[in-house]
Amino acid sequence: MGRASSKEDAGALFHSLRSAYAATPLNLKIIDLYVGFSIFTALIQVVYMAIVGSFPFNSFLSGVLSCVGTAVLAVCLRIQVNKENKEFKDLPPERAFADFVLCNLVLHLVIMNFLG
Amino acid sequence: MAAPESSAAAVPTLYTNNALRNAFGGVLAFFILLLIGVMAFSIRLFSVIKYESVIHEFDPYFNYRVTQFLAKNGIYEFWNWFDDRTWYPLGRVIGGTVYPGLTLTAGTIWWLLNSLNIPLSVETVCVFTAPIFSAFASWATYLLTKEVKGTGAGLTAAALLAMVPSYISRSVAGSYDNEAVAIFALIFTFYLYIKTLNTGSLFYATLNSIAYFYMVCSWGGYTFIINLIPMHVLLCIVTGRFSSRLYIAYAPLVVLGTLLAALVPVVGFNAVMTSEHFASFLVFIILHVVAFVYYIKGILTPKMFKVAVTLVVSVGLAVCCAVIAVLVALVASSPTKGWSGRSLSLLDPTYASKYIPIIASVSEHQPPTWPSYFMDINVLAFLVPAGIIACFSPLSDASSFVVLYIATSVYFSGVMVRLMLVFAPAACITSGIALSQAFDVFTRSIKFQLPGIASNTEVDAAETSSSTAEAQNDVEKSEETSKNRPSKKSKKKEKEEKPLPKAKAEKKRLLALPLDSSVISLLLLILLGALYVVHCVWAAAEAYSAPSIVLTSRSHDGLHVFDDFREAYAWLRHNTDVDDKVASWWDYGYQTTAMANRTVIVDNNTWNNTHIATVGTAMSSPEKAAWEIFHSLDVKYVLVVFGGLVGYPSDDINKFLWMVRIGGGVFPHIKEPDYLRDGQYRIDSQATPTMLNCLMYKLSYYRFVETDGKAFDRVRQTEIGKKYFKLTHFEEVFTTHHWMVRIYKLKPPKNRIRGKTKKPKTKTSTTSSRAKRSGTGKKNPWH
């Protein structure tokens with residue numbers, strides 16, 4: 001009995017999550033897609049390292065950290081652009097995007113240097 | 001009507017009055033900051049005025065030599081420099097083992113000035129780098145405290161930091177060491193972190209990471225930042241102050257900061273593999289989990305959220321346990337649990353004395369005594385608790401950070417004297433807050449009670465308008481933070497807001513202290529500040545300005561200057577070959593390579609314990625054994641510092657116990673009890689025979705009896721034990737004017753060996769002819 005109800009609960013939970021997420025605006029969904037893509041790339045790199053070995057460790061580090069870094073920065077952009085967020089209501093989204101680009105520039109400069 | 005008209009007319013004048021007041025305040029603050037910078041620079045110039053513009057101590061000479069190399073050869077050569085003039089025969093990879101921030105900064109300043117045709121020498125730039133950066137550090141303190149409490153507190157904290165003796169001691173003109181630049185980088189990084197936390201802007205987060213990179217380049221103490229900030233984030237999460245600004249402040253810093261730290265060759269992969277950084281990764285993961293939880297909570301209904309929680313907890317707990325088990329196994333597999341020796345000695349203060357005698361022997365690594373607290377931070381010692389309480393009166397993210405900073409830095413300053421330096425900015429910030437609040441209360445009391453009703457009403461109107469503005473800000477803030485906090489708090493704030501302005505004005509009038517007591521208290525506070533200034537100037541002038549390479553003493557016949565160190569190094573530079581190797585105790589390594597330009601065996605970097613133990617064993621052995629050891633290292637000259645004639649207490653005989661301990665730690669035939677009589681090291685007639693025969697004794701006291709006939713050692717305050725002896729394997733080549741530095745040369749090995757031949761038979765025929773010439777007369781000293 002408990003199991004069946006927990007299964008029902010899981011199903012209801014999944015359904016409600018899905019419906020709540022469908023209500024988010026399109027630009028936020030695009031950012032979420034980008035975050036998912038970069039995390040997925042990072043995972044691929046980790047699996048590759050597990051198979052092949054980590055010899056040029058700096059290359060591995062810079063690859064994984066660049067994926068994680070862009071994911072984190074995209075999440076920050078999403079926070080700042082989200083209209084439901086009261087703290088950032090007087091921050092124009094163009095400014096948020098400009099900050100995002102600047103931070104990415106610095107990140108990738110460092111990555112290029114560290115890639116070896 | 002008259003009343004509304006006058007009030008209507010009063011409002012614009014009030015507004016312009018306020019704007020004028022703000023503008024005047026801004027200009028005043030700017031000039032005060034300028035004066036604070038000038039004061040910070042000038043209070044550190046005592047050593048240049050009293051002695052000369054010279055580099056102090058030991059470590060700065062290494063930095064100076066590296067900067068000279070950088071200025072001469074450029075940055076590519078500097079990154080790839082392999083130094084073969086130290087740690088002979090091992091050498092040292094300078095590019096990979098030095099923190100480049102300080103030398104690159106001074107090199108850049110020198111290059112910039114020279115390209116503008118201002119021909120300052122490298123030495124001048126090196127000497128004055130520290131005072132300039134201390135001015136920058138006080139400006140950074142102003143910015144940091146302004147973010148926490150406001151402009152008044154900022155100016156007070158900046159003025160306090162400009163003069164605090166603890167910071168002066170490591171940043172006088174001439175003290176060209178890492179801390180000169182690193183403290184500025186530390187405070188600036190903290191300022192940018194707090195600014196990001198307060199504004200939530202990604203731009204400041206980027207600047208924060210770059211400032212952290214500068215800190216990693218400059219000093220090994222950067223691990224303090226990368227552990228304090230995660231601790232603060234954890235504190236904010238646990239006390240319910242999680243917000244999206246916290247995420248923006250912390251997450252980019254971890255990723256970008258780790259990458260930038262890995263860029264610096266000294267740190268390299270330690271940025272991801274040592275335990276000092278694990279805290280940041282752990283809190284990174286925790287932050288993401290918490291952020292995700294808040295996000296899910298925001299988009300789900302409460303019932304669904306409960307279901308999600310039970311589901312996740314049951315599944316997630318198993319995964320968590322597995323991950324933690326793997327992590328614990330990884331960390332426990334290394335003997336020091338992944339921490340470096342220096343960090344371990346901070347966490348466990350007894351670690352160094354048990355396992356690593358070199359770390360224990362450095363005088364800066366000893367715990368401080370109580371008087372040194374009062375000497376180093378003076379009045380701030382009892383303003384700090386008041387500041388901590390003031391930080392709590394509205395507790396914001398920034399003020400909780402200040403409280404955490406001061407708590408951790410007090411603990412670490414209690415472990416190691418050197419870390420009083422990290423405690424000083426925290427003390428200045430909290431004391432600045434306390435002093436500024438106190439001034440605020442007293443001046444407000446005086447203002448309320450000054451004669452003149454017009455000024456009172458104007459002040460009242462201004463106070464009520466400012467208090468309504470404050471109330472509006474409070475409501476806004478409560479709205480922003482109410483999204484993630486329980487709704488009870490926001491409701492309470494809204495209720496309070498309406499009766500707030502009137503109650504505040506009345507409360508303020510009630511809280512005003514009596515006029516005379518507030519005036520007297522104000523005067524006493526100013527007196528306190530004056531006493532602090534007097535103490536700081538005295539400490540800077542008398543206690544911390546000694547270059548320690550030149551000593552002075554006053555006696556009835558005037559000022560004596562002891563310039564023996566530079567005399568000895570100059571002698572070495574001019575009277576020996578370029579490739580000659582000089583052996584001495586590791587204290588003098590940096591100075592020897594920088595000033596005498598000769599290859600040394602061990603120096604202050606102390607990275608190779610066995611090599612230092614070899615030199616220590618040689619100094620503790622009898623002459624022949626010591627000669628063998630030195631000869632195997634190609635040493636030509638041995639340098640010994642001796643203070644017995646003039647009473648200089650930091651000479652090699654006083655450091656001898658460390659030579660025995662470190663040598664005995666690696667070579668078991670050196671046993672410390674052999675040198676002790678009744679548990680003490682003695683050099684008088686009661687000394688043990690091992691002590692009287694060891695190389696250090698002989699090289700220090702050779703011909704000492706010729707100075708005053710009685711061989712009275714002024715430091716140990718006794719006559720020495722063995723007064724008349726000859727050296728068999730060494731010959732004295734130079735002793736400085738006050739006998740403070742003595743240089744000996746290794747005698748070359750004899751060409752023939754009488755008695756048992758160790759060499760093959762073919763050689764004895766060629767040496768036998770020489771044996772006839774020099775065989776008669778003198779006793780053979782070699783057997």
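## Exercises on a predicted two-chain model

Glu672(B) is partly exposed, with a relative accessible area of 24%; here buried means under 20% relative accessible area, exposed over 50% and partly exposed in between (1.4 Å probe, protein chains only). Residues count from 1 along each chain as its sequence is written, and chains are lettered from A and ligands numbered from 1 in the order in which they are written. Bear in mind that the model is predicted: local features need pLDDT of at least 70, side-chain atom pairs count only at pLDDT 80 or more, totals for chains, interfaces and linings use all residues, and side-chain values use heavy atoms, with hydrogens and water left out.

**Exercise: the partners of Arg661(B)**

Task: work out which side chain meets Arg661(B) in a salt bridge, and which ring the charged end of Arg661(B) sits over.

Solution:
- Start with the acid. Glu672(B) and Arg661(B) form a salt bridge at 3.2 Å, N to O. That term needs a side-chain nitrogen of Lys or Arg within 4 Å of a carboxyl oxygen of Asp or Glu.
- Next, place the two ends. Arg661(B) belongs to helix H32 of chain B, while Glu672(B) is in the loop between H32 and E8, 11 residues apart. Helices (H or I, at least four residues) and strands (E, at least two) are DSSP runs, numbered from the N terminus.
- Check the exposure: Arg661(B) comes out at 36% relative accessibility, so it's partly exposed.
- Now the ring. Arg661(B) has its charged end over Trp658(B), 5.3 Å from the ring centre; the cut-offs are NZ of Lys or CZ of Arg within 6 Å of the centre and within 35 degrees of the ring normal.

**Exercise: two rings, one geometry**

Task: is the pair of Phe656(B) and Tyr675(B) stacked or edge-to-face?

Solution:
- Recall the rule: rings of Phe, Tyr and Trp (its six-membered ring) pair if their centres lie within 6.5 Å, with planes under 30 degrees apart stacked, over 60 edge-to-face and the rest tilted. Over all chains, that gives 42 aromatic pairs.
- Apply it here: the centres are 5.7 Å apart and the planes meet at 70 degrees, so Phe656(B) and Tyr675(B) are edge-to-face.
- Locate the rings. Phe656(B) is in H32 (656–666) and Tyr675(B) in the loop between H32 and strand E8 (676–677) of chain B, so this pair ties together parts 19 residues apart in sequence.
- Finish with accessibility: Phe656(B) and Tyr675(B) are both buried.
- For an extra example, look at Phe725(B), whose face has Lys722(B) over it at 5.8 Å from the ring centre. Phe725(B) is also part of an aromatic cluster, whose members include Phe642(B), Trp739(B) and Tyr744(B).

**Exercise: across the interface**

Task: find how many salt bridges cross from chain A to chain B, then follow the network around Glu87(A).

Solution:
- Size up the interface first: 39 residues of chain A are in contact (heavy atoms within 4.5 Å) with 35 residues of chain B.
- The rule finds 1 salt bridge across it. Glu87(A) and Arg245(B) meet at 3.5 Å, N to O.
- Which elements of chain A give two or more residues to the side touching chain B? They're helices H1 (2–22), H3 (57–81) and H4 (93–115). H3(A) gives the largest share, 14 residues.
- Step into chain B. Asp397(B) and Arg245(B) make a salt bridge too, at 3.9 Å, N to O. Asp397(B) lies in H22 (397–415) and Arg245(B) in H13 (244–263), 152 residues apart. Both residues are buried.
- Put it together: Glu87(A), Arg241(B), Arg245(B) and Asp397(B) are linked in a network of salt bridges.

**Exercise: odd backbone spots**

Task: which two residues of chain B are joined by a cis peptide bond, and what are the phi values of Trp87(B) and Glu57(B)?

Solution:
- The cis bond joins Tyr88(B) and Pro89(B), with omega about 0 degrees. Pro89(B) sits in the loop between strands E1 (82–83) and E2 (92–93) of chain B.
- Trp87(B) is in the loop between E1 and E2 as well. Though not a glycine, Trp87(B) has a positive phi of about 50 degrees, and at 0% relative accessible area it's buried.
- Glu57(B), another non-glycine, has a positive phi of about 55 degrees. Its loop runs between helices H2 (46–50) and H3 (59–73) of chain B, and Glu57(B) is partly exposed at 38%.
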